[in-house]
Amino acid sequence: VLRTLALSAADSAVQSLTSRIEADRGRPLRLIPVAQEGLPCGMWVSLEDADLVYYSAVASPGHQRHIICHELAHLLLDHPGADVTRNAARLLFTGVDPRTVTAMLSRSSYDTAEEREAELLATLILQGRRTADRPTERDARVRRLTSAMGDGPETD
Amino acid sequence: LITFTVLVWLVTLAKLPVAWRQRQDVLARAFWLALVSLAICMTLDQPPLYRAIGEWTGVPNLAFPITYAAGVIAGFWCQAFLWATASSADAVQRIRRRAGFAAATVAMIALSAPFGPTLLPNTHDVTHLPPQHWGDLLLRLSIAAWTALSLGDIAWLCLRFSRQAAGRPLRIGMLLASAGCVLVITRLLLEYGVYSVLAWHRDHQSTGELALIRWLNLGTLLGFAMIALGLGVPALTRRVAAIAAWVRDLTRYRRLRALWLALRPVSATLNWPGYRLPLIHRVPLVAVSGRLYRRVIEIQDGFLAIRPYRDAELERAMHREAIHRGLPAHSATAFVEARTVRTAVEGFLRGIPVERCAVDTARSQEQESQDEVRHLLTVASFLRD
């Protein structure tokens, strides 16, 4: 999955994954920060016509990116999600019609293979991503030169 | 002399994996061929090998024309690489013209060698003696002409790339390569151009002349080494930066251990799922940045888990202590987190939530991951106090 994503270091992982998933699934994906205590720090909720990813509003930016990527990993890996009772959905979310919730997964433990896989993929996506510490070569010829010399981003 | 040759071979070998990976790419191939031709040229110019080639083949000074032919080929590949990269509209025509010129120079070297150096005793000194036969003179003048035009071309292209490059290592590398070309041009024009004409058919050489020529030869070797080093500088700089980052990440990973251990009871369910992880990631000192990333995420998971169990009263007291100690604002927050983490963990394990803490662990959205790691390191440092 990671190879097929082919994310470049310059990409914003969350933005590019969100756009890709929206295009693949043909429906909107919304990222919603939640400040409510007692909920898992991240959740994916599948509605009939959209995907919602809830993440902790009080987590640090880097932690939020990881939580969101974990939930997006579920979608990339085509995890089915667990059935959720409408009562539970009503208790958990405000602003969502519980009748439209079809499945959900939350980042709270690694008891299931799906959670372990999603955490692994989120880690692999984000662990090697650092902001470029070299200036980007503006000139295409210089980019070709560095690439052929084995110093370009394409080769290393 | 051998140091420069070894240096060029090291750069050539260091580039081999990249050349192999990009073997379909004409540019990458041309670049590596330029390096390997240069390395062969410098190796053949080593006096013991130079003499040995003459002895093995029975053709005195055979290494002389071969060395320079290899030099011409190296120069051509370098020109081809740079012109193909520069990709001007007439790059193909330019490369063809240069190929023709290189072929003509090699042909001239091959034609003149039997009437020049091969008629003299088999010694490396022949390369620095005044030309004795017309073949000698022709060979040297051919080399001088090729040097002036081709290496001049390379020096100019490198200088152009140096000015266009945004990255400092590439700028310096290209400048170094350009300066190396100028050194080689200077020496070969002086010795094989000017000196060859002035000393033509002289059968003696003063000590001063010999010393000057030897020094000039050192300039050539230094020039070739500068060219090779210049082409390798950008990649070498990255390697050095990678090593520095590895050391920094390893230090941070170890310094965060105390904090990670303190939070481990609450984030046990969030610990790294080691299953299906490639074996290489489990070897110590390997994949350090990945391990550091996991440690930071697990610590942050821990902080989120204990958030409802933090004792606001205790934290206010700790904050007062931090101010009393004269700690700056950021350190004060870290100090409070470190001092109260055990209490919160205990609360989590006993399942007794306390009122929400007044000190917010969350930081602004603008702060980047590096700031988060630095903050956790500060927390960890207070935890060890």
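A salt bridge is a side-chain nitrogen of Lys or Arg within 4 Å of a carboxyl oxygen of Asp or Glu. The views below show a predicted model, and the legends begin with a pair that meets this criterion.

**View 1. A salt bridge between helices α5 and α6 of chain B joins B:Arg98 to B:Asp153.** The closest N and O atoms of B:Arg98 and B:Asp153 are 2.5 Å apart, which lies within the 4 Å that the definition allows. Because B:Arg98 belongs to helix α5 of chain B and B:Asp153 to helix α6 of chain B, the pair ties together parts that are 55 residues apart in sequence. Both partners fall under the 20% limit for burial: B:Arg98 is buried at a relative accessible area of 16%, and B:Asp153 is buried at 10%. Side chains of opposite charge can pair when their charged atoms come close.

**View 2. B:Asp90 and B:Arg94 form a salt bridge.** Here the closest N and O atoms are 3.1 Å apart. B:Asp90 counts as partly exposed, with 28% relative accessibility, and B:Arg94 is likewise classed as partly exposed, at 22%. A search of the whole structure, taken over all chains, finds 11 salt bridges.

**View 3. Within helix α11 of chain B, B:Glu313 is paired with B:Arg316.** The closest N and O atoms of this salt bridge are 3.2 Å apart. The two residues are three positions apart in helix α11, which covers residues 312-324 of chain B, so about one helical turn separates them. B:Glu313 is partly exposed at 48% relative accessibility, and B:Arg316 is partly exposed with a relative accessible area of 33%. Elsewhere, in chain A, salt bridges that share partners join A:Arg25, A:Arg27 and A:Asp51 into one network.

**View 4. Helix α6 of chain B carries a bend at B:Thr147.** The bend at B:Thr147 comes to about 25 degrees. What end-to-end span should the 31 residues of α6(B) have at 1.5 Å a residue? The expected span is 45 Å, and the end C-alpha atoms of α6(B) are 45 Å apart, so the two values agree.

**View 5. A nonpolar surface patch on chain B includes B:Phe115.** The patch has an area of about 470 Å² and is made by B:Met108, B:Phe115, B:Trp134, B:Leu138 and B:Trp200. B:Phe115 lies in the loop that runs between α5 (91-112) and α6 (134-164) of chain B. With a relative accessible area of 40%, B:Phe115 is partly exposed, which means that it passes the requirement of over 30% set for members of a patch.

**View 6. B:Cys158 is a buried cysteine that takes part in no disulfide.** Over all chains, a search of the whole structure finds zero disulfides. For B:Cys158 the nearest cysteine sulfur is that of B:Cys181, at 5.4 Å, whereas a disulfide would need the two sulfur atoms within 2.5 Å. B:Cys158 counts as buried at 2% relative accessibility, and B:Cys41, another cysteine of chain B, is buried with a relative accessible area of 5%.

**View 7. Helix α3 of chain A is largely enclosed by the rest of the structure and is followed by A:Asp78.** Of the 16 residues of α3(A), 15 are buried, which is why the helix is described as largely enclosed. At 1.5 Å a residue, the helix, covering residues 61-76, should span 22 Å, and the distance of 22 Å between its end C-alpha atoms agrees. A:Asp78 is found in the loop between α3 and α4 (86-92) of chain A, where its phi is near 55 degrees, a positive value in a residue other than glycine. Its relative accessible area is 62%, so A:Asp78 counts as exposed.

**View 8. B:Asn61, a residue other than glycine, also has a positive phi.** Its phi is near 55 degrees, and the residue is found in the loop between α3 (47-57) and α4 (63-86) of chain B. Is B:Asn61 buried or exposed? At 0% relative accessibility, B:Asn61 counts as buried.

**View 9. The two chains are set out by their secondary structure.** Chain A comes to six helices and four strands, and buried residues make up 52% of its 156 residues. Chain B has 13 helices and zero strands, and 49% of its 385 residues count as buried.

How values were computed: Residues are numbered from 1 along each chain as its sequence is written. Chains are lettered from A and ligands numbered from 1 in the order in which they are written. This is a predicted model: local features need pLDDT of at least 70, side-chain atom pairs count only at pLDDT 80 or more; totals for chains, interfaces and linings use all residues. Side-chain values use heavy atoms; hydrogens and water are left out. Patches are made of residues with over 30% relative accessible area and no salt bridge: like charges are joined within 9 Å, nonpolar side chains (Val, Leu, Ile, Met, Phe, Trp, Tyr) within 5 Å. Accessible areas come from the Shrake-Rupley method with a 1.4 Å probe; for residues, only the protein chains shown count as cover. Buried means under 20% relative accessible area, exposed over 50%, partly exposed in between (1.4 Å probe, protein chains only). The expected span of a helix is 1.5 Å times one less than its number of residues. The bend at a residue is the angle between axes fitted to the seven residues ending there and the seven starting there.
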